Amino acid sequence: MTISKSQIKDLLDENREHECDSFGEDICVRIAAIADLPTRFGDFQIVAFRNNRDNKEHVAIVHGDVCGGEEVLTRLHSECLTGDALGSLRCDCRDQLQSSLETIAAEKQGIVLYLRQEGRGIGLVNKIRAYGLQDHGLDTVEANLALGFRDDEREYGVAAHMLASLKVKSIRLMTNNPRKIEDLEKHGVKVTERVPHVLPPNKHNAFYLKTKATKSGHFIDLNGYKHLMEQDDRPILQGMDEDQIKVVESQTAPKSSNGSEAG
Ligand SMILES: [Zn+2]
Ligand SMILES: [Zn+2]
């Protein structure tokens, strides 16, 4: 079961003139196009959204007929050019994206909301600036700050609107960050369950099993890079002990640029 041709026509028709203020002043998205998207991770449909306030384009990668669906397994993913497309090892975004697509493809229905908010909203240049600061041996405080001045609220507003546009009634959220559920609920999303996001270890992420997180929740990889939080939450790796899982679940990315999260 997929979103049918007649459903697609209805969705496009009703979105054509859509305009609302329900999710924040600068957030109103319209479904602009829908197409099949077979991938190496499974068969999906891709739903392209345009924000008619800031012209940002987002996509929902959808498996099954999610319209009107309840308890739809859902994952929020923030765009990461360096990780998702280039295979960067400075973050684990690509592993997270791939495993969420594979998990969702195995379900009856599910959604990955791919939010075009690079570096969690700070933009590509600021993200690379944060990497550069790390390369020059500066404390990660600055790097954290560079990654810290994004607007979390906005991200949840966009996600909530996309789910509403797709007429999803309730979701099971794939996340290791319990606080994220509250944030989505604040924007009117009904979340019935939290599903831990667990990754299999590979040669690139196995360091998570060996290193204790630093006080601020950063993990240091085998090349000595501290991994900044580029997604909303950290993956749990198969084989992590209880203490490590606790660190993952208790940590959240900094909410604002107040610099309280020292490195
Ligand atoms: Zn709207
Ligand atoms: Zn990344």
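Q: Which residue stands opposite L76 in strand 5?
A: This is a predicted model, where local features need pLDDT of at least 70, side-chain atom pairs count only at pLDDT 80 or more, and totals for chains, interfaces and linings use all residues. Residues are numbered from 1 along each chain as its sequence is written, while chains are lettered from A and ligands numbered from 1 in the order in which they are written. Strands are DSSP runs of E with at least two residues, numbered from the N terminus. Opposite L76, strand 5 places L113.

Q: In which sense do strand 4 and strand 5 pair?
A: Strands count as paired if DSSP finds at least two bridges between them. Strand 4 covers residues 72-78 and strand 5 covers residues 110-115, with six bridges joining them. Along this pairing, T74 has I111 as its bridge partner, and S78 stands opposite L115. The sense is parallel.

Q: How many bridges join strand 3 to strand 5?
A: Strand 3 spans residues 57-63 and runs antiparallel to strand 5. One of the matches puts V59 with Y114 as its bridge partner in strand 5. The number of bridges joining strand 3 to strand 5 is five.

Q: Which residue in strand 6 stands opposite V72?
A: Strand 4 also pairs with strand 6, in the parallel sense and over three bridges. Within strand 6, V72 faces I171.

Q: What is the order of the strands in the open sheet?
A: The sheet has seven strands with mixed pairing. Strand 1 (29-39) and strand 7 (191-195) each have a single partner strand, so they stand at the edges with one side lacking a neighbour in the sheet. From one strand to the next, the twist averages 25°. Reading across, the order is 1-2-3-5-4-6-7.

Q: Why is strand 5 largely enclosed by the rest of the structure?
A: A residue is buried if 20 or more other C-beta atoms, placed from the backbone, lie within 10 Å of its own (12 or fewer is exposed, in between partly exposed). On one side of strand 5, G110, V112 and Y114 are buried, and on the other so are I111, L113 and L115. Strand 5 is largely enclosed because its buried residues number six of the six.

Q: How many of the seven residues of strand 4 are buried?
A: Strand 4 is largely enclosed by the rest of the structure. That follows because its buried residues, out of seven, number six.

How values were computed
Helix = DSSP H or I, 4+ residues; strand = E, 2+ residues; numbered from the N terminus. Axes fitted to C-alpha atoms, helices over the stretch in contact; angles between N-to-C directions.
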